[in-house]
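Q: Pick one spot in this model and take me through it closely. Then tie it to the rest of the chain, please.

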Amino acid sequence: MLPARRGPLRDMNKPASPPGGRLPVEMMEDEQSATYTVDDALLSSGFGRYQILILSYAGVALISEAMEMMLLSFVGPSVQLEWNLTAHQESMITSVVFVGELIGAYSWGVISDHYGRRKGFLFTAIVMSGAGLLSAFAPNYASLMALRFLVGIGLGGGPVLSSWFLEFVPAPSRGRWMVIFSTFWTVGTIFEASLAWAVMPRFGWRWLLALSSVPSFVLLLFYVITPESPRFLCMKGRIPEAVDVLEKMARLNNVPMPSGRLVSDKNIELDEVSESATLLTSVAAGSDGGGKEEEENDNIKEDEGSNFGGIKSVSKLLSPKLFRATVLLWLAFFGNAFSYYGIVLLTSELSNGNRICAKEEVESVHSNESSLYKNVFISSFAEIPGSVASALMVDRVGRKLSMASMLFTACVFLFPLVFSQADILTGISLFGARLCISASLSILYIYAPEIYPTSVRTTGIGVASSVGRIGGILCPLVAVALVHNCQQTAAILLFELVVFLSGMAVMFFPFETKGSRLNDTEGI
């Protein structure tokens with residue numbers, strides 16, 4: 001049997017058969033032998049109404065995630081005053097969320113690669129909405145910590161939604177649309193700052209926690225209409241279900257489906273590797289299409305074997321072909337997360353030039369509440385130009401150079417803060433640093449799923465995201481603690497080192513993914 005061949009698009013205006021009423025034998029054979037992949041179907045479909053609906057659902061999830069993360073900037077100080085907590089106990093309210101995310105990002109990634117993307121983000125929405133709402137009724141510090149830990153586990157499923165959306169986007173426009181998708185995070189941060197400004201002074205932190213859980217309930221409401229990823233379905237050998245999803249997409253986008261039979265890239269690779277042996281077998285015993293299809297399904301089932309605890313998936317991430325990319329990706333995630341959340345948390349600490357440490361008299365550790373809301377609200381707008389910059393660069397300059405340039409520029413913005421500066425210069429430096437780090441993080445979340453095959457894509461990005469959560473855990477315990485102890489220079493130098501090393505890790509990434517198709521096979 002000859003290698004599988006990609007078929008042309010159907011011409012909907014062409015008559016179904018010639019005047020004689022029958023298709024020529026050659027045309028029938030060509031139709032039967034033609035095949036297409038999910039990438040072919042996405043290219044023919046383009047980015048249409050179907051993808052807009054997928055983007056809207058995934059975008060609400062990202063807004064929900066951003067709101068749950070940003071409220072930590074407001075809830076911590078209020079809870080500390082109400083329950084007379086120490087500075088360490090306050091920082092633990094933030095760190096425990098990242099501990100939950102570390103566990104959740106790995107767990108939901110493995111679940112999604114094994115049982116499907118939809119099941120993965122269903123459980124994350126249930127955990128986030130339930131624990132988020134119950135947090136508003138926490139009677140004491142211990143129960144609040146436990147519930148925020150559960151919220152963190154739910155938040156760890158964020159990469160599942162980004163991978164799910166990514167798998168519906170055509171390769172040529174993938175970078176641009178993934179940047180647009182990342183702007184929903186910015187919307188969430190700005191909305192949360194606005195909500196805190198309106199709710200906290202009048203109703204307190206409990207109302208803020210309750211209202212911030214609403215977007216997660218919206219995800220549950222519309223879950224029933226969400227489709228499974230056709231890439232995942234192909235990988236699991238569920239071809240009829242994948243075809244059904246692609247046909248619905250084509251109908252809603254008002255475009256024709258490719259002709260022929262849907263196959264996965266994995267099966268095409270198997271065909272190419274065994275081409276010579278298959279040709280010899282065909283000559284000796286005749287062509288057997290049904291046997292071939294059974295062989296393909298056997299290969300898929302063989303791959304589905306035991307994956308207890310995701311050990312098999314993680315071992316693939318550290319295989320010789322992926323080892324370098326995986327380790328460098330972990331370093332980049334750690335540095336980006338450490339820097340991003342550090343800048344968010346430091347906004348209230350450094351926006352007044354750290355004058356608390358420069359005075360002898362005892363002052364309040366926290367700035368005025370309205371000033372805090374204003375500072376976080378303004379700094380959140382830095383992510384808008386950051387999204388614009390990443391959108392302009394990601395598909396032109398490429399993923400690697402875009403990330404590296406943003407990280408090294410962030411180092412430049414942070415450097416003046418090594419010493420105490422005037423309020424306006426401090427604000428400009430923090431604004432610029434957050435712009436660059438947010439842009440780099442957006443591109444990193446585009447690059448990470450692109451380097452892994454479908455079989456381990458959400459596990460790969462989940463584990464990398466978990467490493468990033470370690471950065472989030474350490475950030476308030478190390479860097480912010482240095483500022484509280486009046487060691488601003490040491491704190492900023494630590495940020496400079498982490499950001500610079502992240503930029504170097506990005507420069508050594510083994511390959512560029514700009515414009516490339518997503519991989520369904522384990523080779524790169």
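A: Asn254 lies in the loop between helix H13 (239-253) and strand E3 (261-262); helices (H or I, at least four residues) and strands (E, at least two) here are DSSP runs, numbered from the N terminus. Keep in mind that this is a predicted model, where local features need pLDDT of at least 70 and side-chain atom pairs count only at pLDDT 80 or more, while totals for chains, interfaces and linings use all residues. Residues are numbered from 1 along each chain as its sequence is written, and side-chain values use heavy atoms, with hydrogens and water left out.

What catches the eye at Asn254 is its backbone: phi is near 60 degrees, a positive value in a residue other than glycine. Asn254 has 66% relative accessibility, so it counts as exposed (over 50% relative accessible area; buried is under 20%, partly exposed in between, with a 1.4 Å probe and protein chains only).

Asn84 is another one to look at: it has a positive phi of about 55 degrees and isn't a glycine either. Asn84 is in the loop between helix H4 (72-83) and helix H5 (87-115), and it is exposed too, at a relative accessible area of 68%.

Now for the rest of the chain. It has 24 helices and 3 strands, and 55% of its 524 residues are buried. The largest nonpolar core (buried Ala, Val, Leu, Ile, Met, Phe, Trp, Tyr and Cys joined through side-chain atoms within 4.5 Å) holds 137 residues, and Phe165, Leu329 and Phe509 have the most contacts inside it. Helix H22 (residues 423-450) gives the most to this core, 13 residues. Leaving aside residues up to four places away in sequence, Phe509 touches a set that includes Leu328, Leu329, Met403, Leu444 and Tyr447, contact being heavy atoms within 4.5 Å.

For helix packing, try H3 (residues 49-70) and H9 (residues 174-203), whose axes come within 7 Å and cross at roughly 40 degrees. Among the residues making that contact are Leu55, Gly59 and Leu62 of H3, and Phe181, Phe184 and Gly188 of H9. The axes are lines fitted to C-alpha atoms over the stretch in contact, with angles from 0 to 180 degrees between N-to-C directions. H3 and H9 are therefore oblique to each other: under 35 degrees would be roughly parallel, over 145 roughly antiparallel, 65 to 115 roughly perpendicular, and the rest is oblique.
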